[in-house]
Amino acid sequence: MRMFQAALDGRGEVIATDADPLSAAFCLADRSFVAPPIAHETYLDWVVELCRANDVGLALSLFEADTRRLESVRRTLEQAGCRLIGAPPEIIDQTEDKVRTRDLADDIGVAYPGTWTLREVLEGAALPAGPFVVKQRGGRGSRGLAMAGSREEVTTLAQQSSEADNWIAQVRLVGEEFGLDVVNDLRSRYRGSYQRRKLRLESGEAQVAVSASEEVLLELAPRIAERTNHQGCLNVDLMLVDGAPTLLEVNARFGGDYAFSHAAGANLPALLVAWAIGEPIQEAWLHSRPGVTSLRTSSVLPLAAAPGSWKPGA
């Protein structure tokens with residue numbers, strides 16, 4: 001909220017929507033609206049009407065499932081004067097599936113960890129000795145993640161699972177983990193990238209990171225952009241193993257660790273606002289200064305008045 005408010009610099013408002021009337025975004029937004037759940041049949045019509053009624057010029061979501069649904073009304077939003085930050089639906093679907101992400105990595109020409117569904121394990125897939133990470137095929141963060149030291153442990157977990165098609169085993173890598181933001185403009189043209197080395201992680205999210213400028217990642221970013229054809233930010237998690245990149249995960253949205261690059265001079269919100277209203281950009285917004293270490297912390301914000309709960313028909 002604060003980053004986009006600073007980018008607008010008084011030239012407009014930042015509107016927050018959430019199905020939860022106690023959303024933290026409501027503490028900071030210029031205006032807030034409680035939305036229908038994204039799976040509700042009225043959700044897309046509600047979004048379109050909100051954008052029309054409030055002259056919204058730029059829309060984005062921080063949630064992949066939401067981004068996927070919004071793509072179905074991209075043209076309608078554009079006819080209402082609203083630019084949508086997103087990606088082709090097939091890319092969103094592919095990046096949400098950690099098995100299909102392997103094919104995306106092949107297309108880009110970057111390594112991907114050995115990956116098998118637990119169903120494939122039960123059917124006798126030839127796994128290496130280990131160790132492994134076992135996690136949900138379409139999970140986010142580290143929810144449900146488990147470590148398995150050997151293929152025998154993976155087999156035991158597979159035998160105990162009631163959803164063998166929806167869980168995977170991946171070879172556990174040893175190396176330095178990086179976050180990479182691949183930046184395209186609103187016409188899906190590659191413009192630059194931000195990267196940071198993750199120094200401390202908790203529940204899959206970076207808590208401490210240092211901005212970086214690894215040549216191998218600078219060379220990889222435009223290849224990713226060409227394949228994904230997204231707008232704005234595509235967040236990529238990678239690991240450098242003996243200096244070579246291995247793709248871990250791709251998120252078709254702002255990543256939770258973009259803030260570390262912002263603290264090092266990057267300014268993606270300013271880029272998006274400038275592109276949306278046709279103003280020139282500043283070259284400095286496309287870069288972050290390497291070597292800036294930042295720490296994530298928490299704060300308490302007053303919620304003066306919750307907008308109230310959404311009700312069907314509202």
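Buried means under 20% relative accessible area. The exercises below apply this cut-off to a predicted model.

**Exercise 1. Is Val34 buried or exposed, and how does its strand sort its side chains?**

Step 1. Locate the residue. Val34 lies in strand S2.

Step 2. Apply the cut-off. Val34 has a relative accessible area of 9%, so Val34 is buried.

Step 3. Recall the rule. In a regular strand the side chains alternate between the two faces of the sheet.

Step 4. Read along S2, residues 31-34. Ser32 and Val34 point to one face and are buried. Arg31 and Phe33 point to the other face and are not buried.

Step 5. Find the partner strand. S2 pairs with strand S1 (residues 15-18) through four bridges, in the parallel sense. Opposite Val34 stands Asp18.

Step 6. Add a distance. Leu22 is twelve residues from Val34 in sequence, and their C-alpha atoms are 9.3 Å apart.

**Exercise 2. Which residues of helix H2 are buried, and what covers them?**

Step 1. List the buried residues. In H2 (residues 43-53) they are Tyr43, Leu44, Trp46, Val47, Val48, Leu50 and Cys51.

Step 2. Recall the helix repeat. An α-helix has 3.6 residues a turn, so residues three or four places apart point the same way.

Step 3. Identify the cover. It includes S1, S2, helix H3 (64-70) and helix H4 (74-79).

Step 4. Look just past the helix. Asp55 takes a positive phi of about 55° there.

**Exercise 3. In what order do the six strands of the open sheet run, and why do S13 and S14 each have a side without a neighbour?**

Step 1. Write the order. It is S13-S12-S9-S10-S11-S14, with antiparallel pairing.

Step 2. Inspect the edges. Strand S13 (244-251) and strand S14 (293-295) each have a single partner strand, so one side of each has no neighbour in the sheet.

Step 3. Take the twist. From one strand to the next it averages 35°.

Step 4. Zoom in on one pair. Strand S9 (residues 176-184) and strand S10 (residues 190-202) run antiparallel and are joined by seven bridges. One bridge sets Gly179 against Arg196 in S10.

Step 5. Add the helix. Helix H9 (residues 215-228) packs on the sheet and touches S9, S10, strand S12 (232-241) and S13. The directions of H9 and S9 make an angle of about 50°.

**Exercise 4. How many residues has the largest nonpolar core, and which elements supply it?**

Step 1. Count. The core has 24 residues. Val182, Ile224, Val236 and Leu247 have the most contacts inside it.

Step 2. Assign the elements. At least two residues each come from helix H5 (89-96), helix H6 (101-108), S9, H9, S12 and S13. H9 gives the largest share, five residues.

Step 3. Test one member. Beyond its neighbours within four places in sequence, Val236 is in contact with Phe178, Gly179, Leu180, Val182, Ile224, Leu247, Glu249 and Val250.

Step 4. Check for a further core. Another one, of 21 residues, lies apart; Ala7, Leu8, Leu272 and Val273 are among them.

**Exercise 5. What is the strand order of the four-stranded open sheet, and is Gln170 buried or exposed?**

Step 1. Write the order. It is S5-S8-S6-S7, and the pairing is antiparallel. Strand S5 (115-117) and strand S7 (146-148) are the edge strands, each pairing on one side only. The twist averages 25° from one strand to the next.

Step 2. Take a pair. Five bridges link strand S6 (residues 132-136) with strand S8 (residues 167-171), in the antiparallel sense. Gln136 has Trp167 as its bridge partner in S8.

Step 3. Place Gln170. It is found in strand S8. Its relative accessible area is 4%, so Gln170 is buried.

Step 4. Find its polar contact. The side chains of Gln170 and Tyr112 make one at 3.3 Å.

Step 5. Map the surroundings. Not counting residues up to four places away in sequence, Gln170 touches residues including Lys98, Pro113, Thr115, Phe132 and Lys135.

**Exercise 6. Where is Ser188 found, and which residues is it in contact with?**

Step 1. Locate it. Ser188 is found in the loop between S9 and S10.

Step 2. Apply the cut-off. Ser188 has 16% relative accessibility, so Ser188 counts as buried.

Step 3. List the contacts. Leaving aside neighbours within four places in sequence, these are Asn229, His230 and Gln231.

Step 4. Add the polar detail. A polar side-chain atom of Ser188 lies 3.2 Å from the backbone oxygen of Asn229.

Conventions. Residues are numbered from 1 along each chain as its sequence is written. This is a predicted model: local features need pLDDT of at least 70, side-chain atom pairs count only at pLDDT 80 or more; totals for chains, interfaces and linings use all residues. Side-chain values use heavy atoms; hydrogens and water are left out. Two strands pair if DSSP finds at least two bridges between them. Axes are lines fitted to C-alpha atoms, for helices over the stretch in contact, and angles run from 0 to 180 degrees between N-to-C directions. Contact means heavy atoms within 4.5 Å. A nonpolar core is a set of buried Ala, Val, Leu, Ile, Met, Phe, Trp, Tyr and Cys residues joined through side-chain atoms within 4.5 Å. Buried means under 20% relative accessible area, exposed over 50%, partly exposed in between (1.4 Å probe, protein chains only). A polar contact is a pair of N or O atoms within 3.5 Å; within protein, one must be able to donate a hydrogen and the other to accept it, and residues adjacent in sequence count only if both atoms are side-chain atoms.
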